[in-house]
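User: I should like to learn how to read the features of a protein model. Please take me through this one step by step.

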Amino acid sequence: MLTETRHSMCPLDCPDACSLEVKVEEGRVASVAGSNVNPLTDGFICSKVRRFPDHMYGPDRVLQPAVRDGDKGSGAFRPVGWDEALDRVAAAMAAASATFGGESILPFCYGGSNGYLTQDAADARLFRRLGASRLLRTVCAAPTGAAADGVYGKMPGVALTDYEHARLIVMWGCNPTVSGIHLGPPIARARRQGAKLVVVDPRRTRMAREADLHIALRPGTDLPLALAIINWLFETGHADADFLAAHALGADALRARAAGWTLARAAAEADVPVADVEAFARLYASSTPAVIRCGWGPERNRNAGSAVAAILALPAVAGKFGVRGGGYTMSNSPAWRDIDTSAAAATPEILSARAVNMNQLGAALTELDAPPVKLLFVYNANPVATIPNQRKVRAGLARADLFTVVFDAVWTDTARLADVVLPATTFLEHTELARGYGAYVLQEARPVVKPVGEARSNNAVFGELVRRLGLARAGDPESEDAVIDALLASASDGPRLRADIARDGRAFPAFGPTPVQMVHVFPRTPSGKIDLFPAALDQAAPAGLYGYRPDPATAAAPLALISPASGRTISSTFGQLVAGPVPLELSPDDARVRGIAEGDRVRVFNTLGEVHCRASINADLRGGVAMLPKGLWSRHTDNGATANALCPDTLTDLGGGACFNDARVEVERIG
Ligand SMILES: Nc1nc2c(c(=O)[nH]1)N[C@H]1C(S)=C(S)[C@@H](COP(=O)(O)OP(=O)(O)OC[C@H]3O[C@@H](n4cnc5c(=O)[nH]c(N)nc54)[C@H](O)[C@@H]3O)O[C@H]1N2
Ligand SMILES: Nc1nc2c(c(=O)[nH]1)N[C@H]1C(S)=C(S)[C@@H](COP(=O)(O)OP(=O)(O)OC[C@H]3O[C@@H](n4cnc5c(=O)[nH]c(N)nc54)[C@H](O)[C@@H]3O)O[C@H]1N2
Ligand code: SF4
Ligand SMILES: [Mo]
């Protein structure tokens, strides 16, 4: 049998951006493994992508276009050719646009791929030229982005490989054991050299079990915790006044807002021992280099933006910058902001005034008028599984007068509610250019096999719709190569990026793969300084910047339901490969007082909805916190509802983000 090894990379929604070696046998992908082209990959990858052949060739793969053949949601579809499918979609778009205006069309996309060709390219060309409603892509990273932008102008963070140089590592609401596995080895190396590890997480994660200190705070209380440490640093003379005077604005205003938060008050609010908070503050003040990995756990609640701003303020207040392994890491994708995505869209102009927050998709579909949403085009996303207020999302998708297109590689829960389903290629079947948001790397990949079934790439399908709707313009970058050329040409050092990719299979940012904060990379705020109290953030936050909003629990819904990343899916991607029902996890105390034992059938409920599933007792959960992982499909519970059936569609203080972990629930045994 002829086996060939081909180079690729993983553009999925994961910080690590692995480089891959793919074994191809007789035109089919036989196995996927890690390579060393992206140094962070270090020759290994996660178990999810090792199973990628099951994703490509499994029974849930969409093999050809299909149109609904029965009632909405009945699941009955009939295969059609591409021509007929695209004719229907183009005709529905033209009709919606003619009757209700372009804004009656809503594109819906997010995390399917972090590639430059699959999002903000030909898709943006189509939807902008149609004058479609704009989607505010806020389901993830919007509050952290707003905070990191306001305080640092999104200064690039500490390289993940540089964690081995730290003496103290703080994992703040980040669980890389599942969500970005390549941070594990640098942390292990640092630990072998004596570095201390602090984990701030309501759960005793694997890293928390191994940590020197685990702060098992109540969800949503990161803000008081960070403010109390800031207050303590100032009050005990551990703040770096010289650094602040030279490099920061707003330190006094931050100090004033932190002033009321003593260690004792924050410990009470977070429900953790005050001695642990003091130990954390002392360890942070006395350790150099000290690095904080801020994850996305702190952003999934009402206090998100202020909490992340306060967490990111810590290295400035304590003077932790300027050394290798010191500072913070949030998202590193801003390292690539020199690449202008509107070059791929070839349509910089925004025609639509209407913006729809994706976290409120259900409301947009059921409540918006002038104009109502008449056509929803879902790609790179699975909103039935991933968007809050699931009952409302489903109600919207059930509307008889809504025309829904789902463009995906697999038959997702959302696809089953569509009018037209279009088969998408996976990243091993199309050309892609992608950057990491953890690893500092830009990579290009060519297809390693031909498309499975009749699948087509996003570039091909959106390009074809542009043409069918008569929206093409001379000079549009139509081919995949033309899009990549346009993107690289938009960057000031595009020729170097191109040459590096051609030579090494990857390029690093101009500052290299391992920048030191405040040495090689600097704040990119308007003032050029760190801004610890940006006026715009203070005005935007409902309780003001660093204003704390208390826990939303009620007597009827006392438990906090969190839905963090699991090792089996990426958001909902690969959900079809997760066998069997998935249980709700409860702390031993919460289970006991409810008379719930391992394996019991339970109803998890609040005013938004309910989930029926089994219970599992997990001693690693703190009291008052229950867990149902993110990314489940309807097949994983008894009644088809998942965590998002219980998540409110309220928005975070900054950035319009999702408040998944503000879900408050009650649980009872069934039968
Ligand atoms: N295997 C896998 N990898 C993934 C993903 C996936 O779904 N699966 N998703 C990808 C995506 S889209 C993202 S955004 C990243 C996310 O990666 P992470 O930053 O790791 O995000 P989460 O898993 O949402 O949450 C991280 C931790 O925060 C904790 N947490 C929950 N609420 C709070 C809180 O209020 N405060 C604090 N301090 N901690 C809290 C959770 O218990 C969890 O252990 O991972 C990416 N990588
Ligand atoms: N309860 C709860 N819900 C959450 C979260 C949580 O913490 N709790 N986390 C949220 C987070 S962090 C995120 S990022 C969102 C992500 O939510 P979504 O953006 O909905 O991401 P996925 O669930 O991964 O769905 C991506 C889909 O894109 C498809 N896809 C992949 N590549 C391509 C392509 O090239 N073309 C096309 N057309 N399709 C493609 C995949 O097959 C997959 O079905 O979920 C959020 N949902
Ligand atoms: S999902 Fe993350 S760890 Fe897995 S292969 Fe992709 S980049 Fe690597
Ligand atoms: Mo995310």
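Analyst: Let us begin with a turn of the backbone: just after helix 19, Gly470 takes a positive phi of about 70°. Helices (H or I, at least four residues) and strands (E, at least two) are DSSP runs, numbered from the N terminus. This is a predicted model, in which local features need pLDDT of at least 70 and side-chain atom pairs count only at pLDDT 80 or more, while totals for chains, interfaces and linings use all residues. Residues are numbered from 1 along each chain as its sequence is written, chains are lettered from A and ligands numbered from 1 in the order in which they are written, and side-chain values use heavy atoms, with hydrogens and water left out.

User: Which residues of helix 19 are buried?

Analyst: A residue is called buried under 20% relative accessible area, exposed over 50%, and partly exposed in between (1.4 Å probe, protein chains only). In helix 19, residues 458–468, the buried residues are Asn458, Asn459, Val461, Phe462, Gly463, Leu465 and Val466.

User: What covers the buried residues of helix 19?

Analyst: Cover is judged by contact, meaning heavy atoms within 4.5 Å. The covering elements include helix 3 (82–100), helix 4, strand 15 (375–379), strand 16 (403–408), strand 17 (420–423) and helix 20 (480–490).

User: Is Ser113 buried or exposed?

Analyst: Ser113 has a relative accessible area of 10%, so it is buried. Its place is in the loop between strand 6 (105–108) and helix 4 (122–130). Leaving aside residues up to four places away in sequence, Ser113 touches Pro11, Thr118 and Glu432.

User: With which side chain does the side chain of Ser113 make a polar contact?

Analyst: A polar contact is a pair of N or O atoms within 3.5 Å; within protein, one must be able to donate a hydrogen and the other to accept it, and residues adjacent in sequence count only if both atoms are side-chain atoms. The side chain of Ser113 makes such a contact with the side chain of Thr118, at 2.8 Å.

User: How is the protein chain divided into domains?

Analyst: Domain bounds come from an automatic or database domain assignment. Here there are domain 1 (3–57), domain 2 (66–137 + 341–495), domain 3 (158–329 + 516–540) and domain 4 (559–669).

User: Where does ligand 1 lie with respect to the domains?

Analyst: Domain 3 and domain 4 both give residues to the shell around ligand 1, so ligand 1 lies between them. A residue belongs to such a shell if one of its heavy atoms lies within 4 Å of the molecule. For ligand 1 there are 34 such residues, the closest being Ser179, Asp201, Arg203, Asp222 and Thr569. A polar side-chain atom of Arg203 is 2.7 Å from an oxygen atom of ligand 1. Ligand 1 alone exposes 910 Å², of which the protein buries 99%; accessible areas come from the Shrake-Rupley method with a 1.4 Å probe, and for residues only the protein chains shown count as cover.

User: Why does ligand 2 lie between two domains?

Analyst: Ligand 2 lies between domain 2 and domain 4 because both give residues to its shell. That shell has 29 residues, and the closest are Gly111, Asp408, Asn458, Ser572 and Thr573. An oxygen atom of ligand 2 is 2.4 Å from an N or O atom in the side chain of Ser572. Taken alone, ligand 2 exposes 930 Å², and the protein buries 96% of that.

User: Which residues surround ligand 3?

Analyst: Among them are Cys10, Cys14, Cys18, Cys46 and His182.
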